[in-house]
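Dear colleague,

Please find below the structure that I am handing over to you. My notes on what was found in it follow directly after.

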Amino acid sequence: MLEFLGHFHPVIVHLPIGVLLVAIFLQWLSGKEKYRGVKPAIAPILLSGSIASIVACVTGYFLSISDDYDQSSVNWHMWMAIGVVLVSLVLYTKEVNPKVEVSKKFLSIGLVVLITVTGHFGGTLTHGSDYLSKPFFKMFSGDSVVNTAIKPVANVQEALVYDDVIKPILETKCYSCHNENKQKGKLRMDDIALLLKGGKHGKIIDVNNVDSSEMLQRLLLPTDNEKHMPPKEKPQPTESQVALLHWWISNNADFKKKVKDIQQPDKIKPVLLALQKPVIIKKQALNLPATAVEKGDEKIIQQLTKKGFVVLPVAQNTNYLMVTLTDAKKVIKKDIDLLGKLSNQIVSLKISNSTFENEAIGSLSKLSNLRKLNLANTNLTDKELPALNSLQHLQNLNLTGTKVSAQAILQLQKLKELKTMYLYQTSISKSDSLKLKTAFAKTEIDFGNYFVPLLPSDTTLVKQVPAK
Amino acid sequence: MTQKELHNQRLVKEAQAAVLQMHTRRHFLKESAMGLGALALGSLFSSCGNKASHNPITFDPAHPLLPKLPPNVAKAKSVIYLHMAGAPSQLELFDYKPELMKMDGQDCPPSLLQGKKFAFIRGVPKMLGPQAKFAQHGQSGAYVSENMPHLATVADELSFLKAVTTDQFNHAPAQLMIHTGSPRLGRPSLGSWATYGLGTENQNLPGFVVLTSGGQNPDAGKSVWGSGFLPSVYQGVQCRSEGDPVLFIKDPNGMDRDLRKASIDAINQVNAEEYKEYQDPEILSRISQYEMAFKMQITAPEVMNINNEPQYIHDMYGTKPGKACFANNVLLARKLVEKGVRFIQLFDWGWDTHGTSADGAVDIGLINKCREIDKCITALILDLKQRGLLEETLVVWGGEFGRTPMMENREGKQNPFKGRDHHTEAFTMWMAGAGIKKGYSYGETDEIGYSAISGKVEPFDLQATILDQLGFDHEQFTFDFQGRPFRLTDTRGKVISDILA
């Protein structure tokens, strides 16, 4: 019951803050000739502010005994708040009985200061001591986004297992509720001795019985479970972070050793290695060149866009481009030559359902950085195909619906990196397709012509339960 | 002017001069110190609270559908989402439970009913064994029932999600949950998010097309492809698969293309004037939509017409030209992907097999529904594959929830046919194509298929995965609305990395 009432504290505290500040503001205002009329309102507002602050104090007391906060901060907060109550009551008495000999001005200023300080201690208790100051200092350091990501480690094997690997995880995911000022569940984690001591339910790290360590159990519970940690609405650790914690605890939860001095099962090796990289590099559909490239000429991109080409970087923070053009009546040599000026950048090109002008296709040979080329349903023939031989990095080639023959495709064997080739609806006979398959042993060739047979059941309806 | 008036005038002048004397430059500076301070503070704040970096997607109201680059390298360029509205029974299709057969006809154990709520089951229902034969298929050994003989042949192309769960047991909210991330109205759908973030490559067609079959729209209505708080240009465009793809797409008699162009130009001009006055970006969207509609008059009838496909393709899909059916829509979906449409959503109604009628019986109606989709979906996968499109198209199949291992007893009485009630705790979906593992199965249900044991997947996880394949980090992909950034996956969602190739 007390705890329930205590949880109203965060709601109620804002009431006296607002009300009392309004009262002081009105008091100041009533000194002006024009606003003399507000004077009668001051006393009732002061009184309601005092009453609200008393309620806030009582609920605050309940909250402080039902939850685990740093005692000294709570004490400061509490006595300051009691100060607010007393001063506001005196101010009220002065307002209804002007004969009382105290300085109104002095009291008012004192009250504002008290409210501010009390509020600040309250904020420190809920949000942590650096809640206010951190973004303030960030403002000057030029870093506009508060960065919660963990910084990469230079050499993970040389790193300290606790300080460089485990602590950053706890810091970003646990400390906000288990710190010097706030110890939810009587647990404080930013101090090694206290971390080992555990919380309300005893130790949270059990090196002898790793899987029943409370810390791991809480992490692994489903997020909607009440006991899951961190709570659902807080940032969650990633799977690899949980794996690291598990690995650390199963290796005696050491605080001093270096990573290289601790046993590393195969499973944890890639996870550790990943700590060296600033971002997790995703497997990419296109095998992009390892080196970065300068930005493509904006003017040429604009010219191409005007002609109907869709020219886009493959992703943000890369200058490699993919280019698409479909349903073009006539692709002329000039267009392809324009593409050639972006040959360093273009890694993927799709010109499909289009008609090339004579010699235009030959110019494709300049696009030496191409990884993926799609010329489906174009007027490409055997004559132009050898031009593609100079696309040394080509991995994926789509010639669906073109009039190319097996003979011409056999000449493409210089393309060592070719992984996939689509040859559906080309002039390739069945016997030739076998030949191609052996010639391109490393390439997956899709000749298509798949067939879905017509089963009797496809066209009949079931009217009653079929006999078993 | 009397003496007194003159005197008064002089007094006023004097007072004014005194006031002016007070306002020396020094006074001005002194008095405006506060204001200058505020100005300085403002400039300080603007440099620290810069939100531009937080949300990199720029919305250009005049060209809302221009192609945009995704934040990460995308594996999928397009998505075909096949939604079986009404929720197909996983226990007759993919989730093989021989143990359930042994319990067939027995009373449901109380442990499965305690504290649970069902849409129609009351009291103690009987258990219902699988009403189809199962066999393992392909090298992956995936279980597919006899109801899907064609799909079984391409099981090695699919990644099954065996333990999908949801928290909504009625059709409309559950459909909204899957497509918009909230069981209530008002959130943008997956397709809207995708077109908002990526635009579309083909400026002559909408970026997000919806096709429905089964004689009815999904229960949640058009909100499942709505744009919610995103600009309305990103909502799904529902096309018809019978007759004109879009109503009134042809110019009426007596109106030629030039006249149409002239009238649209005039309307756009009026709208442009309106925009100058009110600066409402929705007006610009409207202008661009008029322009698209004009272009679509030419492109849509061509793309949306399956008659010019060769006969062997029709045979492959089992289409019924001239009729509205799922197979036609599936073939259309392939054509649209070829044309660069970003997101294609197919809804097929009629999977709600409660057992109240023969059509809704798991051993009669369900088989017929399966026959409507089995051949064409198989054809879609193979056709996309042979055209080199499967590697850049993500195909998703599923319903809004699953069905109970118990036989439904509506109002506590026995239903005339064998059926199953709505079930939220475990059902099967599958994905195939761009960036998805081939021949894989993720997640497991208990021995009677009642609840998920491992590899539990929420709708949010599904959405996170689809966005991931399109090149988005679902946690960074936000839209500011009502003073805060909104995400499709709200505060949840984990990419199902196990099924990613």
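In chain A of this predicted model, residues 76-94 are 100% helix and 0% strand, and the C-alpha atoms at the two ends of the span lie 27 Å apart. Residues 41-64 of chain A are likewise 100% helix and 0% strand, with 34 Å between their end C-alpha atoms. Both spans appear in the UniProt record: its unreviewed entry lists residues 12-29, 41-64, 76-94 and 106-125 of chain A under "transmembrane region".

Chain A also holds a sheet. Seven strands form this open sheet, in the order S1-S2-S3-S4-S5-S6-S7, and their pairing is mixed. At its edges are strand S1 (310-313) and strand S7 (444-446) of chain A, each of which pairs on one side only. On average, and with direction ignored, neighbouring strands of this sheet are turned by 10 degrees against each other. At the S7 edge, strand S6 (residues 420-422) of chain A runs parallel to S7(A) and is joined to it by three bridges. Within this pair, A:Tyr422 is found opposite A:Asp446 of S7(A).

Turning to chain B, I would note its overall make-up before its sheet. The chain contains 13 helices and 16 strands. It has 501 residues, of which 52% count as buried. Among the contacts in chain B with a separation of 6 or more, 76% are between residues 24 or more positions apart.

An open sheet of eight strands is present in chain B, with mixed pairing and the order S6-S5-S7-S1-S8-S11-S4-S12. Its edge strands, strand S6 (237-239) and strand S12 (440-442) of chain B, each pair on one side only. Here the average turn between neighbouring strands is 20 degrees, direction ignored. Strand S4 (residues 158-164) of chain B and the edge strand S12(B) run parallel and are connected by three bridges; in this pairing, B:Ser159 stands opposite B:Tyr440.

Which helices accompany these strands of chain B? One is helix H7 (residues 190-198) of chain B, which lies across strand S1 (78-85), strand S5 (208-213) and strand S7 (343-349) of chain B, and runs at about 170 degrees to S7(B). Another is helix H12 (residues 365-386) of chain B, which packs on the sheet and touches S1, S7, strand S8 (393-398) and strand S11 (427-433) of chain B. The direction of H12 makes about 165 degrees with that of S8(B).

With kind regards

Notes:
Residues are numbered from 1 along each chain as its sequence is written. Chains are lettered from A and ligands numbered from 1 in the order in which they are written. This is a predicted model: local features need pLDDT of at least 70, side-chain atom pairs count only at pLDDT 80 or more; totals for chains, interfaces and linings use all residues. Two strands pair if DSSP finds at least two bridges between them. Helices (H or I, at least four residues) and strands (E, at least two) are DSSP runs, numbered from the N terminus. Axes are lines fitted to C-alpha atoms, for helices over the stretch in contact, and angles run from 0 to 180 degrees between N-to-C directions. Two residues are in contact if their C-beta atoms, placed from the backbone, lie within 7 Å. A residue is buried if 20 or more other C-beta atoms lie within 10 Å of its own, exposed if 12 or fewer, and partly exposed in between; C-beta atoms are placed from the backbone. UniProt positions are given in the numbering used here, feature names are shortened, and annotations may be inferred rather than shown by experiment.
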